[in-house]
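Hello,

I'm handing over the structure we talked about, with the sequence alongside. Could you open it and keep it in view while you read my notes below?

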Amino acid sequence: MIKFLIIITLLSSCNFKPIYSNSNHYKNLLLNNINFDYNYTKLNLEQKIIVRNLISMLDKFNAHDKSSKYRLEIKKIQEKISPITIAKDGDISEYNYKVSIEVSLSEDKRVLFIKDFTNSINFYTDNGYYASQIAIKKFRKDLTKTISHDLETELQLNISSAD
């Protein structure tokens, strides 16, 4: 018990702060303070679905066309399905599904970062088109969710380093 008190006293006297102590401050700074910028008309259907999923997952940061300090531009969206394994009968039995989103965050015309967020998953198919489309819809949502979490972390890190 005495060792614990000594450690606490030493840590508090040297201005020790937990690593994530300011994360709520930066998260609150970002809330309703980012305008999302993307050209929806030039996107195909799959890309529109990915953008819609991403924006809905990051909606807490969206300024909804009010004046905001930050601007997040979605520059490039790519969805790619590549065959990986071919079965003995010549049919493709395994695919790699990959979603890639390039974003740029700026503050008053100063670019804070430009980064590509990519996530992928391998899946097997029973050569049923319908089953593959249902799987791809689920994978698209899951991969976009992971990318949104990665993007949220990147936003907080870059806002904290900019201040």
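Arg110 is partly exposed in this predicted model, with a relative accessible area of 42%. Its salt-bridge partner is Glu107, and the closest N and O atoms of the two are 2.8 Å apart. Glu107 itself counts as buried, at 9% relative accessibility. Elsewhere, Asp37, Arg71 and Glu73 are joined into one network by salt bridges that share partners.

Glu107 and Arg110 also turn up together in the strand pairing: the bridge partner of Glu107 in β4 is Arg110. Strands β3 and β4 (residues 110–124) form a hairpin with two residues between them, and Asp108 in that turn has a positive phi of about 50 degrees. The pairing of β3 with β4 is antiparallel and covers 14 bridges.

How many salt bridges does a search of the whole structure find? There are eight. One of them brings together the side chains of Asp37 and Arg71, at 2.7 Å from N to O. Asp37 sits in strand β1 (residues 34–37) and Arg71 in strand β2 (residues 70–86), so this pair links parts that are 34 residues apart in sequence. Both residues are partly exposed: Asp37 has 27% relative accessibility, and Arg71 has a relative accessible area of 35%.

Another salt bridge joins the side chains of Glu79 and Arg140, with N and O 2.8 Å apart. Here Glu79 belongs to strand β2 and Arg140 to helix α4 (residues 129–162), so the pair ties together parts 61 residues apart in sequence. Is each partner buried or exposed? Glu79 is partly exposed at 23%, whereas Arg140, at 10% relative accessibility, counts as buried. As background, side chains of opposite charge can pair when their charged atoms come close.

Next, have a look at strand β3 (residues 92–107). It is largely enclosed by the rest of the structure, because 12 of its 16 residues are buried. On its β2 side, the pairing is antiparallel over 15 bridges, and Ile92 in β3 is the bridge partner of Ile86. These two strands form a hairpin too, with five residues between them. Gly90 lies in that turn and has a positive phi of about 95 degrees.

A good residue to click on in β3 is Val99. It counts as buried, with 0% relative accessibility. Leaving out residues up to four places away in sequence, Val99 touches Ile50, Gln78, Phe117, Thr118, Asn119, Leu143 and Ile147. You could also check the C-alpha atoms of Val99 and Gln47: these residues are 52 apart along the chain, yet the two atoms are separated by 9.5 Å.

For a residue outside the strands, try Asn62, in the loop between α3 and β2. Asn62 is buried, with a relative accessible area of 10%. Its side chain reaches the backbone nitrogen of His64 at 3.0 Å. Beyond its neighbours within four places in sequence, Asn62 is in contact with Asn32, Ile34, Phe36 and Ile55.

Now for the chain as a whole. It has four helices and four strands, and from the N terminus on they run α-α-β-α-β-β-β-α. Of the 163 residues, 33% are buried. The accessible surface comes to about 10,800 Å², and carbon and sulfur atoms account for 54% of that. Among contacts between residues at least 6 apart in sequence, 68% join residues at least 24 apart.

A word on confidence before you explore. The average pLDDT of the chain is 80, and 79% of the residues score at least 70. Which elements have the lowest and the highest mean pLDDT? Helix α2 (residues 23–30) has the lowest, at 60, and helix α3 (residues 45–57) the highest, at 90. Where pLDDT is low, the predicted coordinates should not be read in detail.

Enjoy looking around!

Best wishes

Methods
Residues are numbered from 1 along each chain as its sequence is written. Side-chain values use heavy atoms; hydrogens and water are left out. A salt bridge is a side-chain nitrogen of Lys or Arg within 4 Å of a carboxyl oxygen of Asp or Glu. Buried means under 20% relative accessible area, exposed over 50%, partly exposed in between (1.4 Å probe, protein chains only). Two strands pair if DSSP finds at least two bridges between them. Contact means heavy atoms within 4.5 Å. pLDDT is the predictor's confidence in each residue, from 0 to 100. Accessible areas come from the Shrake-Rupley method with a 1.4 Å probe; for residues, only the protein chains shown count as cover. A polar contact is a pair of N or O atoms within 3.5 Å; within protein, one must be able to donate a hydrogen and the other to accept it, and residues adjacent in sequence count only if both atoms are side-chain atoms.
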